[in-house]
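I opened a fresh page to keep track of what I look up here. My plan is to take it one topic at a time.

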Amino acid sequence: SNSPTLPPAPSFPSPPPTPPPPAMESGADFMPPAADIPELPDTVPAVDPYPAAEVKTEEPDELTIFMAKWESQLVEKRQHEDSVLQEALSAAAQQKEQLDAERTTRRARKMESNRAEEQAFMEAQEESSDSDNVWERVLSLVEVQQDVKEATNDTSRMRKILIELKNEQHLGAKEALDA
């Protein structure tokens, strides 16, 4: 046998070898005798068994007219959309450039003001360090001004004082009764 065999599996015996196919004798078993084959003519007639439908070339039908109009409308619509898109993109690019310029200007102004404030602060620090009074230097480092918003919105201190006054009145009244 020409086919390679695999080694047998450990629990199963190998199958018996397959016998070779029977030898063919000149193909006579598979071909009909020559007398049974009909002769074909040398030329084939040019008759189409499925003739094509008659094509009207005079006037296009309604569907063809509609499809042509529809295609032209789609092309016009696509061109309009493309022009609107290009206008929007150019407007967006102009706005971006304008915003970038404004941001650069604001940033430069802020940097200048920060430098000026820092310079003033450093000069104030040098002046206060020259002072002999320690408390004046401490006062210059501590912010004593209270923001107006914080003062108007924060009522917790007032509430705390009122509660303390109320409690003091109750304690004073109890001591007067006890005496």
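Entry 1: ground rules. I call a residue buried under 20% relative accessible area, exposed over 50% and partly exposed in between, using a 1.4 Å probe and protein chains only. I have to remember that this is a predicted model, where local features need pLDDT of at least 70, side-chain atom pairs count only at pLDDT 80 or more, and totals for chains, interfaces and linings use all residues. Residues are numbered from 1 along each chain as its sequence is written, and side-chain values use heavy atoms, with hydrogens and water left out.

Entry 2: the overall picture. I looked up the helices and strands, which are DSSP runs numbered from the N terminus (helices: H or I, at least four residues; strands: E, at least two). The chain has four helices and zero strands, so I wrote the order from the N terminus as α-α-α-α. How many of the 179 residues count as buried? Just 1% of them do. I noted about 18,500 Å² of exposed area for the chain, with 58% of it supplied by carbon and sulfur atoms. Accessible areas come from the Shrake-Rupley method with a 1.4 Å probe, and for residues only the protein chains shown count as cover.

Entry 3: aromatic rings. A pair of aromatic rings is described by the distance of the centres and the angle of the planes. My rule: rings of Phe, Tyr and Trp (its six-membered ring) pair if their centres lie within 6.5 Å, and planes under 30 degrees apart count as stacked, over 60 as edge-to-face and the rest as tilted. I found one aromatic pair in the structure. Phenylalanine 66 and tryptophan 70 make up this stacked pair, with 6.3 Å centre to centre and 15 degrees between the planes. Both residues sit in helix H1, four residues apart, or about one turn of the helix. Phenylalanine 66 has 48% relative accessibility, so I put it down as partly exposed. Tryptophan 70, at 41%, is partly exposed too.

Entry 4: opposite charges. Side chains of opposite charge can pair when their charged atoms come close. For a salt bridge I need a side-chain nitrogen of Lys or Arg within 4 Å of a carboxyl oxygen of Asp or Glu. That rule gives one salt bridge. Which residue does lysine 96 pair with? Its partner is aspartate 100, and the closest N and O atoms are 3.3 Å apart. The two are four residues apart in helix H1, so about one helical turn separates them. Lysine 96 is exposed at 53% relative accessibility, while aspartate 100 is partly exposed at 32%.

Entry 5: surface patches. Patches are made of residues with over 30% relative accessible area and no salt bridge; like charges are joined within 9 Å, and nonpolar side chains (Val, Leu, Ile, Met, Phe, Trp, Tyr) within 5 Å. Lys and Arg count as positive and Asp and Glu as negative, with His and the chain ends not counted. I place each charge at NZ of Lys, CZ of Arg, CG of Asp or CD of Glu.

- Arg103, Arg106, Arg107 and Arg109 make a positive patch on the surface, and arginine 106 belongs to helix H1 (residues 62-130).
- Glu123, Glu126, Glu127 and Asp130 make a negative patch on the surface; aspartate 130 is in helix H1 and is exposed at 62% relative accessibility.
- Val134, Trp135, Val138, Leu139, Leu141, Val142 and Val144 make a nonpolar patch on the surface, with about 730 Å² of accessible area together.

Tryptophan 135, from the nonpolar patch, lies in helix H2 (residues 134-141). Buried or exposed? With 65% relative accessibility, tryptophan 135 is exposed.
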